[in-house]
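Please study the sequence and the three-dimensional model shown here before working through the exercises. Each task is followed by a solution in steps.

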Amino acid sequence: MAPRKPHNLSSATSNGEEETPHHRLRRRSVHHGQKSHEHDLKKKKEKKKKSRVTEKVKKKKKKKKLKLNEVEGNKSLYLSTIEYQEGERAAYSVRCVKLSDLLCSSDDDPVQLRQVAYAAGDHLPASIGGGVFGSQIIFAGGVKPSFPIISLLRSDLVWHRDVYAFETDPNKQQPQPHDITRMDATLLQAKFYPLIVELGGKLYALSGLRVSDPPSFEVFDPNVGKWAALPEPPFFQIGSRYWEDAEFSYAITGTKIFASHEKCPVFCFDVAHPDREWRLVSTMCHRRPFPFRHKTLVLDLPEDDKKKLLFACTNDWRLGVYILSLDENQESITQIGDWKIPSWPYEFGYLSAFSIVHIGGQKACFVVTRLGVPSEYKAEDEPGTHKTFGIAIPFQFDLDITKVDKDKKNCLTLQFMYLRIFEYHTNPSSFPEPGPVGCFVL
């Protein structure tokens, strides 16, 4: 609304009379009154905004904290990241915090993550994938030079096949316990942001994009000590209608890897039959892509080994819950609910990357591993030590499997618990906004 015009003080001079000091004083006082009024309005708006943030925080404080048993409380949340440094260098870090300290502490201040491993140098690539292999945290694949966003059309790209690991078990650690070391076995071919997953005691690597000759999909058998090629997925085969530069969504359970992207329906590979080709799952999602983003959390249901409970971040950024049915060649997915993810104060940033991790039993956690920083809160893009935030949103759930077929809307109850903000500082010489590589509970 436009400010109200002040009463016309110049009427006394409209007849050609000279404006007196009295007129000028009144004009100034009215203008000053306008400015004071505008200043008061601005202060009120700021106060309102602050009170809204305070109110949100108060509401969050009313939520219950998650109760952990002794085994769960002794587990730790691990966050692996890549930091970008001057001279196109990369640095890998692993940080952790005990779940009991993260989720059960009575302190409302951000929880500090502790750095437990670090490596930096010209030899480390970016665009890597991360996973877990036994008690080791894995960094694999990638490309040099190391930039957060890189054009694949650059002529100076050098693709990497190295695999690096950090041992989290103190009983198995090397003489230098904080080292991230290169494994002896290298990938057969380069991988770009690969999916790294352990199934049946073997490590699998599936590239996020075809960037070289096959194989795009490989397996590492620790008993043999080397990587071996697996059948090329249809979405990476030259001339395939599904070959597209797009982000993948995955669901992994038992011996099966399900994958799709926005232009590709769901395909499945069963690692129990490594000689078989990838299979189009025509019964899944009506031959359409998965309705959710990136990697999911899939949990067993003790009452039915042919059904799984799947948690995912939907395409509209909600927590979606699904029943994954695994009848042979008749796999399907059915949504049984979705929940709005609890919000947090704006100044911490917006959801940019996430992981969903299992704590134990009927407890899990939605972890915001990267927050997009609003422009007014952005740090200067200079190398140094930068404070970085993340959000842990634990939840507990209860599924009545007998109601799944009869009453899908009421078969699951889910409750978000008190969210916790965590923080860590990047290493010296790193630019702001490190990239998450993986998030795990071990």
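The exercises below proceed from the whole chain to sheets, aromatic rings, a nonpolar core and two loop residues.

The model is predicted, so local features need pLDDT of at least 70 and side-chain atom pairs count only at pLDDT 80 or more, while totals for chains, interfaces and linings use all residues. Residues are numbered from 1 along each chain as its sequence is written, and side-chain values use heavy atoms, with hydrogens and water left out.

**Exercise 1. The chain as a whole**

Task: State the secondary structure, burial, contacts and accessible surface of the chain.

Solution:
Step 1. The chain holds three helices and 28 strands. Helices (H or I, at least four residues) and strands (E, at least two) are DSSP runs, numbered from the N terminus.
Step 2. Of the 442 residues in the chain, 48% are buried. Buried means under 20% relative accessible area, exposed over 50%, and partly exposed in between, with a 1.4 Å probe and protein chains only.
Step 3. Among contacts with a separation of 6 or more, 58% join residues 24 or more positions apart. A contact means heavy atoms within 4.5 Å.
Step 4. The accessible surface is about 23,400 Å², and 49% of this surface belongs to carbon and sulfur atoms. Such areas come from the Shrake-Rupley method with a 1.4 Å probe; for residues, only the protein chains shown count as cover.

**Exercise 2. Two open sheets**

Task: Give the strand order of the sheet that contains E11, and explain why E11 and E14 have a side without a neighbour.

Solution:
Step 1. The open sheet has four strands in the order E11-E12-E13-E14, with antiparallel pairing. Two strands pair if DSSP finds at least two bridges between them.
Step 2. Strands E11 (195–199) and E14 (226–229) stand at the edges with a single partner strand each, so one side of each has no neighbour in the sheet.
Step 3. From one strand to the next, the twist averages 25°. Axes are lines fitted to C-alpha atoms, for helices over the stretch in contact, and angles run from 0 to 180 degrees between N-to-C directions.
Step 4. E11 and strand E12 (residues 202–206) run antiparallel and are joined by five bridges. Ile 196 stands opposite Ala 205 in E12.

Task: Describe the sheet that contains E5 in a like manner.

Solution:
Step 1. Four strands form this open sheet in the order E5-E6-E9-E10, and the pairing is antiparallel.
Step 2. The edge strands are E5 (129–133) and E10 (181–182), each with a single partner strand, so one side of each is left without a neighbour.
Step 3. Five bridges join E5 to strand E6 (residues 136–140), the two running antiparallel. Val 132 stands opposite Ile 137 in E6.

**Exercise 3. Aromatic pairs**

Task: Classify the ring pair of Phe 248 and Tyr 250, and then that of Phe 395 and Phe 416.

Solution:
Step 1. Rings of Phe, Tyr and Trp (its six-membered ring) pair if their centres lie within 6.5 Å; planes under 30 degrees apart count as stacked, over 60 as edge-to-face and the rest as tilted. By this rule there are 25 aromatic pairs.
Step 2. Phe 248 and Tyr 250 are 6.0 Å apart centre to centre with 15° between the planes, and the pair is stacked. Phe 248 is buried at 6% relative accessible area, and Tyr 250 is buried at 9%.
Step 3. The ring centres of Phe 395 and Phe 416 are 5.9 Å apart and their planes stand at 70°, so this pair is edge-to-face. The pair links distant parts of the chain, with Phe 395 in strand E25 (residues 387–399) and Phe 416 in strand E26 (residues 412–416), 21 residues apart.

**Exercise 4. The largest nonpolar core**

Task: Which residues touch the most other members of the largest nonpolar core, and which element gives the largest share?

Solution:
Step 1. A nonpolar core is a set of buried Ala, Val, Leu, Ile, Met, Phe, Trp, Tyr and Cys residues joined through side-chain atoms within 4.5 Å.
Step 2. The largest core has 32 residues, of which Phe 311, Phe 366 and Phe 395 touch the most other members.
Step 3. The largest share, five residues, comes from E25.
Step 4. Phe 395 is buried, with a relative accessible area of 0%.

**Exercise 5. Two loop residues**

Task: Are Ser 106 and Leu 301 buried or exposed?

Solution:
Step 1. Ser 106, in the loop between helix H3 (99–103) and strand E3 (111–112), is exposed at 66% relative accessible area.
Step 2. Leu 301, in the loop between E19 and E20, is buried at 9%.
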